[in-house]
Amino acid sequence: MPTKDYYKILGVEKTASADEIKSAYRRLAKQYHPDLHPNDKEAAEKFKEINEAYSVVGDPDKRGKYDRGEMDIGSGGAGFNPFGGGAGGFTATGFDDIFDMFSDAFGFGGSRARRKSAQAAVGSDITYRIELTFMESVLGCTKPITFSRLEKCPSCHGTGAKDDAHCKTCDKCGGSGQIRHVQNTIFGQQITVGACDKCGGTGKIVTEACKACGGKGVVTKNKVINVTIPAGVENGAVLQLTGEGNAPRSGNGRNGNLLLEFSVKPSALFRRDGYDLYVTVPVSYLTAVCGGQIEIPAPDGVFIHNLAEGTANGETLRFRGRGIRTQRGITGDLFATISVEVPKGVTRSQKKALEQFENDNSLKNYSKRRAFLDEIAKTYPKK
Ligand SMILES: [Zn+2]
Ligand SMILES: [Zn+2]
């Protein structure tokens, strides 16, 4: 029968104290942890060996038997499991020690530490729809909003129990609210953590419920908060206020988030594309012909622009940096499209004046019309 030197495996003397053995094990378990050596069979084997050694000499009872040569070494076979699967069983303390060590090992960048924290009780998110006028969305604003959310019950501090005497520590999970599951894989033991089914993850068993919350541990409260909405939010955008959502249905954990969803009313003046704004500016026939002052609406107010003489219908003016301006310094442009309004219902004397204007100028000022008539003449030659 092969005999393994567990002290040698752990790199300690036969006379080492329990603490020395424990710290040696911690160090080696971290060093050879499969998370740090993916696809390394040697490290996996070493890790398994270290665990086997510690499961014996880390336990005072087993260490005594091992020292006296009363233990069957190596007969456990491939199914060896230091987490209590063996016939000898494992003390609760030993179990926790090993688990804590693994947590430490995962602590430096391991994925499991994150998974563990992700399982802490988290309240649900609340979605709140905020209506904004177009200008509010462009400029940003501060708005008080009222909503109801679950908050930790002030009477029982979230335990859900009438008092401390009616709130017992869960015997299944020992109050941690979590149950560990251990699986053997080719790289060693895989630990997963899930919520305790007996206490629902709270770690507590309530024997008489709190009257204020009916045992839920949470109460519904109306909450008013002033929300600062940044400039430039778009229709359908969502702003997350972390931790402003519902409290979890147990004493500990963290609140969910408040998700503010913006519903922006369309504007009769502006159309938006990204951070650019588009506006159509109707101008009079006279202004288009002779030029003159026109009003251009912009996020920061209306400004006056001197329209050039002879501006055509549909011409677009670009004003750089006068679109939407965000707090982060992003600025869009403002595009103003000129829409020349042709007058209707002119009087007889006005018509006379316009006819006079046409006769004076003939076609000399109508370059496009002139080119058009030339093209017609070429396309349809006289026979
Ligand atoms: Zn309560
Ligand atoms: Zn429990």
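Reader: What makes His157 partly exposed?
Author: His157 has 13 other C-beta atoms within 10 Å. Exposed takes 12 or fewer, and buried takes 20 or more. The count of 13 falls in between, so His157 is called partly exposed. This is a predicted model, and the count comes from its coordinates. His157 is found in the loop between strand 2 (141-152) and strand 3 (167-169). His157 also has a positive phi of about 55°, although it is not a glycine.

Reader: Is Asp19 buried or exposed, and how do you know?
Author: Asp19 has 8 other C-beta atoms within 10 Å. The limit for exposed is 12 or fewer, so Asp19 counts as exposed. Asp19 lies in helix 2. Its C-alpha atom is separated by 9.0 Å from that of Gly58, with the two residues 39 apart along the chain.

Reader: And Gly232: why does it count as it does?
Author: Gly232 has 23 C-beta neighbours inside 10 Å. The cut-off for buried is 20 or more, so Gly232 is called buried. The place of Gly232 is in the loop between strand 7 (218-229) and strand 8 (238-241). Beyond four places in sequence, Gly232 touches Val138, Tyr275, Ile324 and Thr326. The C-alpha atoms of Gly232 and Gly274 are separated by 9.0 Å, though the residues are 42 apart along the chain.

Reader: How do you know that the span of helix 2 agrees with its number of residues?
Author: Helix 2 has 14 residues. At 1.5 Å a residue they should span 20 Å. The end C-alpha atoms are 20 Å apart, so the two values agree.

Reader: Which residues of helix 2 are buried?
Author: They are Ile21, Ala24, Tyr25 and Leu28. These residues cover an arc of only 100° around the axis, so they sit on the same side of helix 2. An α-helix has 3.6 residues a turn, so residues three or four places apart point the same way. The buried residues of helix 2 pack against helix 1 and helix 3.

Reader: Which residues of the largest nonpolar core touch the most other members?
Author: Leu10, Tyr25, Ile50, Ala53 and Val57 do, out of 14 residues in that core. Helix 1 (6-10), helix 2 (18-31) and helix 3 (41-57) each supply at least two residues of this core. The largest share, six residues, comes from helix 3. A second, separate core has eight residues, among them Leu150, Cys153, Cys156 and Ala247.

Reader: What is Leu10 in contact with, leaving aside its neighbours within four places in sequence?
Author: Leu10 is in contact with Ile21, Ala24, Tyr25, Leu28, Ile50, Ala53, Tyr54 and Val57.

Reader: What makes helix 10 hardly covered?
Author: The count of buried residues among its 13 residues is zero. The span of helix 10 (residues 367-379) should be 18 Å at 1.5 Å a residue. Its end C-alpha atoms are 18 Å apart, so helix 10 agrees with the expected value.

Reader: In which sense do strand 10 and strand 11 pair?
Author: Strand 10 (residues 270-273) and strand 11 (residues 276-284) pair in the antiparallel sense over four bridges. Pairing needs at least two bridges, so four bridges meet the cut-off. Asp273 has Asp276 of strand 11 as its bridge partner. The two strands form a hairpin with two residues between them. In the turn, Gly274 has a positive phi of about 65°.

Reader: In which sense does strand 1 pair with strand 9?
Author: Strand 1 (residues 126-132) and strand 9 (residues 258-264) pair in the parallel sense over seven bridges. Glu131 stands opposite Ser263 in strand 9. Strand 8 and strand 9 run antiparallel and are joined by four bridges. Leu239 stands opposite Leu260 in strand 9.

Reader: Where does pLDDT stay under 50?
Author: It stays under 50 over residues 74-118. The model has 46 contacts beyond four places in sequence for these residues. Where pLDDT is low, the predicted coordinates should not be read in detail. Among the elements of the chain, helix 5 (residues 92-107) has the lowest mean pLDDT, 37, and strand 14 (residues 316-319) the highest, 98. The mean pLDDT of the chain is 82, and 85% of its residues reach 70 or more.

Terms used
Residues numbered from 1 in each chain as written. Chains lettered and ligands numbered in written order. Predicted model: local features only at pLDDT ≥ 70, side-chain atom pairs only at ≥ 80, totals over all residues. Core = buried A, V, L, I, M, F, W, Y, C linked by C-beta atoms within 7 Å. Contact = placed C-beta atoms within 7 Å. Expected span 1.5 Å × (residues − 1). Arc of directions from axis to C-beta. pLDDT = per-residue confidence, 0-100.
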